[in-house]
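User: Can you walk me through this model? I have a few short questions.

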Amino acid sequence: MTTETMAKGATPNIGTLKSQPPARRRKKRPGTYISRAAIILAGLIFFFPFLWMVATSLKPTSEVFSTGSNFLASRVEWSNYVTAWTAIPFAQVIANSFLVSIAGAALTTVVSLLSAYAFARLQFKHRDKLFLVFLGTLVLPQEVLVIPLYIMMNKLDQVNSLPALIVPFAFGAFGAFLIRQFLLSLPVEFEEAARIDGAGSLRILWSVILPLVRAPLAVVAVFSFIDYWSSFLWPLIVINDVSRATIPLGLSMFSGERGTDWGPLMAAATVAVIPSLLVVILLQRQLVKGVSMGGFGGR
Amino acid sequence: MTAIPTLAVKNAKKPARVTGHGKLAAVYLAPGMLGFLIFIVVPLIASLVISLFDWPLFGTPKFVGLENYTRMLAGDPVFWTVLGNTLFFAVCYTVLNLVLALGVSTWLHSLGSWGPFFRVLFFIPVVTPMVANALVWRLMLTDDGVVNSFLANFGIHGPSWLSNSQLAMGSLIAMSLWQGIGYNIIVLGAGLNGISPNLLEAARIDGAGAWQRFFRVVLPMLSPSLFFCTVMTIIGAFKVFTQPYLLTLGGPGESTNTIVLYLYRNGFSFDKLGYASALAWALFVIVMLITALQFSQQKRLVNYDN
């Protein structure tokens, strides 16, 4: 399967969200309208927790419960955002989250590309066996590893450090697997031609492969960004200083301190959700591709 | 990229001229494989070693042999409670998730151009931080939260969703389904898109009714995607931690305590890293056994000739 046929959609492509058009056009039956009304209702109910999060973040504390199921409070209380912002070093926590997620995504992507290239294109002893063992980590729960990793970080004096949040989780098999599968679907002729022209292997990787694999690289980058952004158990274990916390940990610490102060808590939650929401809206194609390849799986 | 989500691994072709790239490969693989070794293989083995020790956070570890395991299996009733809870959660969550995701993705598939929008909508909670998701559910499910105020409109006195031991686990499952179902809706939706409409049309001409088409054509064609979803969903279910940690603290009593939550508490609240590692290995063995069992049945259950 070449990229051209994939682009034309000649083969069913996992990356496209569009349903195939029906074989022939049928007149819309009344059932269609009922079905559409029902899906709108279902969608609204499904999305309600996010609406409630935002609504609560704009309520004065006294009205969080007293208004019952009233969606809006008597007045909009923006000060919850200010409270959240100052109660935890929120700017710092957000900066940590971005730093960890971006550095983690970059590291994961580069390492995955190098491994994928070797597994897809180079010939060496026990290659396929090694790859299969490596691939096993797709179904390995990372929860099994956290205790030795913590002891390791403790010995290396890395507890409460941002590198401890980044480095240990950049070596899963998902990225290498995804890029390798893509590379296997590309013809080797470009590389052969470049080699005949005298290009070295690093140059081939940089000037021939890299432009071709931008799509799967983007998938890997997006997925590892979100993984780092949402990660909770590991930060909970290895970070106990709020100034080094990422957003999920910051939220959890904040809720531990002021568990019933829902206005500011939901304000902080809203801020935590927005980047993920943007990612979903802007990068849905990459997400769909990655999900189908085991992203967010065992890691 | 593969057309259908599948756990069947393509093998790389052997190049025409078989020259070894041993040294070159070593350079490219060095970062990935060193990281794999240091941060995955070594911790996995270390975890087994630590489980043979009485290992405090600070202080000297003491070798105790299999004592942690004998205590886990014979001397600690909480382990069996926690294991039972996790199994119960995993079975309910996986079955409900797959059935609902199959239903919803089929529904969305029938909606034509409306489908993709809702597929993405259902996917949103998968991507937003679980901590934020769990916190808003805690707010909604508190005794005087919005769910019970809504029920009060109909004269129903809502129960304590999170502190009633009969209901707490159900609440966790509901929250987790909301959180996770979009993943399978996407995978199954992609699988449905991969089924040729001509095939369904042919079945219709042959006189197959809607249900027959679904069970005899769609379901077999979808089996690779369903297999993929089942494997991933079960693994995810066994790792459940954030939901009980934030919604119920494992309570009331131990009714929503799970393996990973208990592991975390043993390691970092009770100062028993050795015992926590034994729990980690129990989790590892269970997940690997279930996954191996599924893969051994793959040929029988999954139809890969598209």
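Analyst: What follows is a run through the two chains, their contact and some local features of a predicted model.

User: How many helices and strands are there in chain A?

Analyst: Chain A has 16 helices and zero strands.

User: And in chain B?

Analyst: Chain B has 13 helices and two strands. Its C-alpha atoms fill a box of roughly 80 × 75 × 30 Å along the principal axes.

User: What share of each chain is buried?

Analyst: In chain A, 47% of the 299 residues count as buried. In chain B, 44% of the 306 residues do.

User: What about contacts across the sequence?

Analyst: In chain A, take the contacts with a separation of 6 or more: 78% of them are between residues 24 or more positions apart. For chain B, 73% of the contacts between residues at least 6 apart join residues at least 24 apart.

User: Next, the interface. How many residues of chain B are in contact with chain A?

Analyst: 88 residues of chain B are in contact with 88 residues of chain A.

User: Which helix of chain B gives the most to that side?

Analyst: Helix α1 of chain B, residues 22–50, gives the most, with 16 residues. By class, the side of chain B that touches chain A has 61 nonpolar, 22 polar and five charged residues.

User: How many residues are in the largest nonpolar core?

Analyst: The largest nonpolar core has 168 residues. Those with the most contacts inside it are I179(A), A268(A), A269(A), L135(B), V136(B) and L279(B).

User: Take I179(A). What is it in contact with?

Analyst: Setting aside neighbours within four places in sequence, I179(A) is in contact with S112(A), L113(A), A116(A), V213(A), P216(A), L217(A) and V220(A).

User: Now helix packing. How do α7 and α9 of chain B cross?

Analyst: The axes of α7(B), residues 168–193, and α9(B), residues 210–238, come within 9 Å and cross at roughly 165°. The two helices are therefore roughly antiparallel to each other, and their crossing is right-handed.

User: Which residues make the contact?

Analyst: From α7(B), the contact is made by G180(B), N184(B), V187(B), L188(B), G191(B) and L192(B). From α9(B), the residues are L222(B), S225(B), F228(B), C229(B), T233(B) and G236(B). By class, the residues of this contact divide into six nonpolar, six polar and no charged.

User: Something in chain A too. How do α12 and α15 cross?

Analyst: The axes of α12(A), residues 214–230, and α15(A), residues 262–282, come within 11 Å and cross at roughly 160°. That makes α12(A) roughly antiparallel to α15(A). The crossing is left-handed.

User: And which residues make that contact?

Analyst: V222(A), I226(A) and W229(A) of α12(A) make the contact with P275(A), S276(A) and V279(A) of α15(A). These divide into five nonpolar, one polar and no charged.

User: Switching to backbone angles. What is the phi of H126(A)?

Analyst: H126(A) has a positive phi of about 60°, although it is not a glycine. Most residues other than glycine have a negative phi.

User: Where does H126(A) lie, and is it buried or exposed?

Analyst: H126(A) lies in the loop between α5 (90–121) and α6 (127–135) of chain A. H126(A) is exposed, because 9 other C-beta atoms lie within 10 Å and the cut-off for exposed is 12 or fewer.

User: What about L249(B), what is its phi?

Analyst: Phi of L249(B) is near 55°, again a positive value in a residue other than glycine. L249(B) is in the loop between α10 (242–248) and α11 (259–268) of chain B. L249(B) is partly exposed, with 14 other C-beta atoms within 10 Å.

User: Two more loop residues. Where is D241(A)?

Analyst: D241(A) is in the loop between α13 (233–238) and α14 (247–257) of chain A. With 9 C-beta neighbours inside 10 Å, D241(A) counts as exposed. The C-alpha atoms of D241(A) and T108(A) are separated by 26 Å, and the two residues are 133 residues apart along the chain.

User: And Q158(A), where does it lie?

Analyst: Q158(A) lies in the loop between α7 (146–155) and α8 (162–166) of chain A. Q158(A) is partly exposed, with 17 other C-beta atoms within 10 Å.

User: What is Q158(A) in contact with?

Analyst: Leaving aside neighbours within four places in sequence, Q158(A) is in contact with M153(A), P163(A) and A164(A). The C-alpha atoms of Q158(A) and Q92(A), 66 residues apart along the chain, are separated by 19 Å.

Notes. Residues are numbered from 1 along each chain as its sequence is written. Chains are lettered from A and ligands numbered from 1 in the order in which they are written. This is a predicted model: local features need pLDDT of at least 70, side-chain atom pairs count only at pLDDT 80 or more; totals for chains, interfaces and linings use all residues. Two residues are in contact if their C-beta atoms, placed from the backbone, lie within 7 Å. Helices (H or I, at least four residues) and strands (E, at least two) are DSSP runs, numbered from the N terminus. Ala, Val, Leu, Ile, Met, Phe, Trp, Tyr, Cys and Pro count as nonpolar, Asp, Glu, Lys and Arg as charged, and the others, Gly among them, as polar. A residue is buried if 20 or more other C-beta atoms lie within 10 Å of its own, exposed if 12 or fewer, and partly exposed in between; C-beta atoms are placed from the backbone. A nonpolar core is a set of buried Ala, Val, Leu, Ile, Met, Phe, Trp, Tyr and Cys residues joined through C-beta atoms within 7 Å. Axes are lines fitted to C-alpha atoms, for helices over the stretch in contact, and angles run from 0 to 180 degrees between N-to-C directions. Angles under 35 degrees count as roughly parallel, over 145 as roughly antiparallel, 65 to 115 as roughly perpendicular and the rest as oblique. A crossing is left-handed if the near helix is turned anticlockwise from the far one by less than a right angle, and right-handed if clockwise.
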